[in-house]
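Reader: I've got this one open on my screen and I'd like a close look at the part around the ligand. Could you walk me through it, and then through the other hollows in the fold?

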Amino acid sequence: MSRPHLAGLKGKHVVITGGSSGIGLAIAQRCAAEGAFLTLISRSSSKLAAARHHIASSLSCNPDRIQTKIADTSNATTIISAIEESFEWKPIDVLICNAGLAMAGMMGDVKEKDLDLVTKTNFLGCVYPIHAAIPLMKQRSLQNPSSIVIMSSLAGLVPLYGINVYSPTKYALKGLAELLLLELLPWNIRVNLVCPSFTKTNLLEEEYFGGNEIIRTIGRKLYSYNHKALESSDDVAMKTIEGVKTGEFLIFTNAQGASLGPLTRGLIPSESVGTFIIELLLMVPYRFVSLLWFLNAKKLVHKMNSKTM
Ligand SMILES: NC(=O)c1ccc[n+]([C@@H]2O[C@H](COP(=O)([O-])OP(=O)(O)OC[C@H]3O[C@@H](n4cnc5c(N)ncnc54)[C@H](OP(=O)(O)O)[C@@H]3O)[C@@H](O)[C@H]2O)c1
């Protein structure tokens, strides 16, 4: 077995955007349990204070190991300052760009300002902190391996119907991660692209499946959405941290995700020779499966929409 990229998180400084709830909070909790120092970044001071209290009290750890920073990832000035200040507290070993938003609705129906907010938060909200962190991380990376983790989604590999720019912003993160993978090769900074499936947090429960019957039905039939069988944020956190330690580029958090690997890996090589061979063998059957998926999607979208036209 090859050596892991990071042996452990004890004493490491992990910065998490969107660390105040859901998946980000679960990752923070696990990092703290391993002895990491944490900076949690989000927009709401009360959610940040509650998250810090929750982690410190549930693990009986010193709250001074956790700092919080109020910043909006869609605002370049505030998020760049938050990253620079985090680095002044302690050099950053792992930057996790996790903050994200979704707004339900079809592309032609939602307001421009909402499209703007989701695009900026999800895409530029990863670009800005990475842009600020890279020069600082590079300086010490040859002695200290470090990682940049980008929270995408299976919706960044398969178009998620009814949620306007959410899916496209997550696709864009794959492009960002692939570019960074090449750009950072000379430094000891690993890039990880995490692609969770539907996870039990506030994000999709309320935003995606909240109201619209067409979207709910298509979600169930096309993506096997089942609100009783969602991934837990703790499972996603566990798989994310495992993948960051081993240094995997594409991190899938469940079997549904892993099964999409062969179709969605693009130009990025497989993690091992074994995976490469399996993916090669699956390529032809997968082209048939994707054709069947698309034909089914076409039928379903026509059928559901014809009822309301
Ligand atoms: N839930 C899923 O099914 C699922 C699946 C795949 C991927 N993901 C991805 O996982 C990430 C976390 O989502 P989640 O499900 O854990 O949702 P969540 O519970 O709603 O958490 C979102 C976090 O992001 C923060 N945030 C949102 N907008 C922000 C902004 N502009 N600036 C700074 N912080 C911001 C929120 O805090 P404040 O409100 O205080 O700012 C919160 O801490 C997202 O990128 C999401 O796309 C989720």
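Author: Sure, let's start with one side chain. Thr-199 reaches the backbone oxygen of Ser-197 with its side chain, at 2.8 Å. Bear in mind that this is a predicted model. Thr-199 sits in the loop between strand 6 and helix 6, and with a relative accessibility of 7% it counts as buried, because the cut-off for that is under 20%.

Thr-199 also takes us straight to the ligand. There are 29 residues around the ligand, and those that come nearest are Arg-43, Asn-98, Tyr-166, Thr-199 and Thr-201. Some polar atoms are worth picking out here. Thr-201 has a polar side-chain atom 2.6 Å from an oxygen atom of the ligand. With Asn-98 it's the backbone that does the job: an N or O atom there lies 2.7 Å from a ligand oxygen. Ser-21 brings in a polar side-chain atom, 3.0 Å from an oxygen atom of the ligand.

How much of the ligand's area does the protein bury? On its own the ligand exposes 890 Å², and the protein buries 96% of that. The elements giving two or more residues to the shell around the ligand are helix 1 (22-33), helix 5 and helix 6 (202-207). Sorted by class, that shell has 15 polar residues, 10 nonpolar ones and 4 charged ones.

Just before helix 5 there's a backbone detail to look at. Asn-164 is in the loop between strand 5 (146-151) and helix 5 (166-183). Its phi is positive, about 40°, although Asn-164 isn't a glycine. That's worth a glance because most residues other than glycine have a negative phi. Ser-60 is another case: its phi is near 50°, again positive in a residue other than glycine. Ser-60 lies in the loop between helix 2 (45-59) and strand 3 (66-70). Are these two buried or exposed? Asn-164 is buried, with a relative accessible area of 9%, whereas Ser-60 is at 68% relative accessibility and so counts as exposed.

Now for the hollows. The second largest pocket holds about 650 Å³ of space. It has 27 lining residues, and Gly-247, Glu-248, Phe-249, Glu-271 and Ser-272 are the closest to its centre. Strand 6 (189-195), helix 8 (233-246), strand 7 (250-252), helix 9 (255-264) and helix 10 (273-306) each give two or more residues to that lining. Helix 8 gives the most, with 4 residues. By class, the lining of this pocket splits into 11 nonpolar, 8 polar and 8 charged residues.

Helix 8 turns up again in a closed space. The structure holds 1 cavity of 30 Å³ or more, and the largest cavity has a volume of about 50 Å³. Lining the largest cavity are Leu-9, Cys-31, Val-94, Ile-96, Ile-241, Val-244 and Lys-245. Strand 4 (94-97) and helix 8 are the elements that give two or more residues to this lining, and helix 8 gives the most, with 3. What's the mix of classes in there? The lining of the largest cavity has 6 nonpolar residues, no polar ones and 1 charged one.

Definitions and conventions:
Residues are numbered from 1 along each chain as its sequence is written. This is a predicted model: local features need pLDDT of at least 70, side-chain atom pairs count only at pLDDT 80 or more; totals for chains, interfaces and linings use all residues. Side-chain values use heavy atoms; hydrogens and water are left out. Buried means under 20% relative accessible area, exposed over 50%, partly exposed in between (1.4 Å probe, protein chains only). A residue is near a molecule or strand if one of its heavy atoms lies within 4 Å of it. A polar contact is a pair of N or O atoms within 3.5 Å; within protein, one must be able to donate a hydrogen and the other to accept it, and residues adjacent in sequence count only if both atoms are side-chain atoms. Accessible areas come from the Shrake-Rupley method with a 1.4 Å probe; for residues, only the protein chains shown count as cover. Ala, Val, Leu, Ile, Met, Phe, Trp, Tyr, Cys and Pro count as nonpolar, Asp, Glu, Lys and Arg as charged, and the others, Gly among them, as polar. On a 1 Å grid over the protein atoms alone, a cavity is a set of points where a 1.4 Å probe fits but cannot get out, and a pocket is an open set with protein on both sides within 12 Å along at least five of seven lines; lining residues have an atom within 4 Å of a point. Grid points are joined across faces, edges and corners, and a volume is the space filled by probe spheres set on the points.
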